Amino acid sequence: MSNISWKELPFGYYKTDYNVRCYYRNGKWGELETTDSENITMHMAATCLHYGQEAFEGLKAFRGVDGKIRLFRPYENAKRLIRSANGVMMAPVPEDLFVKACVEVVKKNERFVPPSGSGASLYLRPLLIGTGAEVGVKPANEYLFIVFAGPVGPYFKEGFKPVKMQIVEDADRAAPLGTGTLKVGGNYAASLYSGQRAHDEGFSNCIYLDAKEKKYIDEAGAANFFGIKNNTYVTPKSTSILPSITNMSLRELAEEMGLKVEQRHIPVEELSTFDEVAACGTAAVVSPISLIVDRGTGKEYNFSNEPGTVCTKLYNTLKGIQEGLIEDKHNWNLIIETK
Ligand code: PLP
Ligand code: COI
């Protein structure tokens, strides 16, 4: 086992031993290759550099109490990358190739999968880029698919402790009929300025409103939003947010816990009626929110400084399934066979 301080790991890049790659040329995907190089060489006119032909994914592998390594819902990430690829006219990575590459990267970097109970996990970052050279605005004819991985700690430094968020009215990450439902780099570029400003102003991240009417909660930074009230799990319905695999899983778990689930518009003023609010995602897991400040109006929405009971139950159930403590009734985990 590596000499890594698992408990102190931030959410960030960590050099590991190998990454895996696959090239799309002449209309077909080649063989998976494993490399120890962190670099890629590409043509200066590659479409990913000029026209944003780029999409990525994020998923985690966990070491369970039984020592087994579990990859959480990789086929869902595979499907989403196909949607993202089609959305920006890239060659889609077949599901099986995607999962094979993920399994391979975990196996090759097994010594970096954090021990059970450390609170850390191995984060996988699949990446698809247009590498073919073009100057006209059109899709490339060559693509590169890479999966790299590294051990990570919590996305928000607070861990499972409530964070503060800022509603922004003067920035959108995606248009209503734009690329918000895709995991493409441009959405993140569009969020950098407001995200950094939120940090500088003392918040963990910002909450975007629907870009058209500026009335409804949309995306919570690089995570989805949900609120709890009247025994109901409420999460935004929107054409500009990423369909989060964590949120999808939590909705199922919430229903199994006897909560009602609603996917609908959430007007900003409704925030004051929730008992608990949180952000959710692969990196964010479940991040309860203690304070939301509307940057435009100055209005504050206060919640508990401690994680609420429903958020805690959802968090513990999700983590329990991912770490093999709770039966995986849904078959969400892919167990990775290691020597
Ligand atoms: N929303 C955005 C913008 C994200 O980047 C992510 C992270 O992937 C999510 C939501 C959460 O999605 P998931 O739960 O699939 O990781
Ligand atoms: C994830 O949760 O996997 C994300 O993509 C969030 C962020 C690091 C982009």
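User: What makes the meeting of domain 1 and domain 2 an interface with a buried area?

Analyst: Buried area is the accessible area two parts lose on being put together, summed over both. In this predicted model, domain 1 and domain 2 bury about 1700 Å² between them, so that value is their buried area. Carbon and sulfur atoms account for 61% of it. On the side of domain 1, Phe-56, Phe-72 and Arg-80 lose the most area to domain 2, together 32% of what that side buries.

User: How do you know which residues of the two domains are in contact?

Analyst: Contact means heavy atoms within 4.5 Å. By that rule, 20 residues of domain 1 are in contact with 20 residues of domain 2.

User: What kinds of polar links does the rule find across the interface?

Analyst: A polar contact needs a pair of N or O atoms within 3.5 Å, one able to donate a hydrogen and the other to accept it. Seven residue pairs across the interface are in polar contact. For salt bridges, the rule finds zero across this interface.

User: Which element gives the largest share of the side of domain 1 that touches domain 2?

Analyst: That is α2, with six residues. The elements giving two or more residues to this side are β4 (54–56), β5 (59–63), β6 (69–72) and α2 (74–87).

User: What makes up this side of domain 1, counted as nonpolar, polar and charged?

Analyst: Asp, Glu, Lys and Arg count as charged, and eight residues of this side fall in that class. Another eight are nonpolar and four are polar.

How values were computed:
Residues numbered from 1 in each chain as written. Chains lettered and ligands numbered in written order. Predicted model: local features only at pLDDT ≥ 70, side-chain atom pairs only at ≥ 80, totals over all residues. Heavy atoms only, no water. Buried area = accessible area lost by both parts, 1.4 Å probe. Salt bridge = Lys/Arg side-chain N within 4 Å of Asp/Glu carboxyl O. Polar contact = N/O pair within 3.5 Å; in protein donor to acceptor, adjacent residues only side chain to side chain. Helix = DSSP H or I, 4+ residues; strand = E, 2+ residues; numbered from the N terminus.
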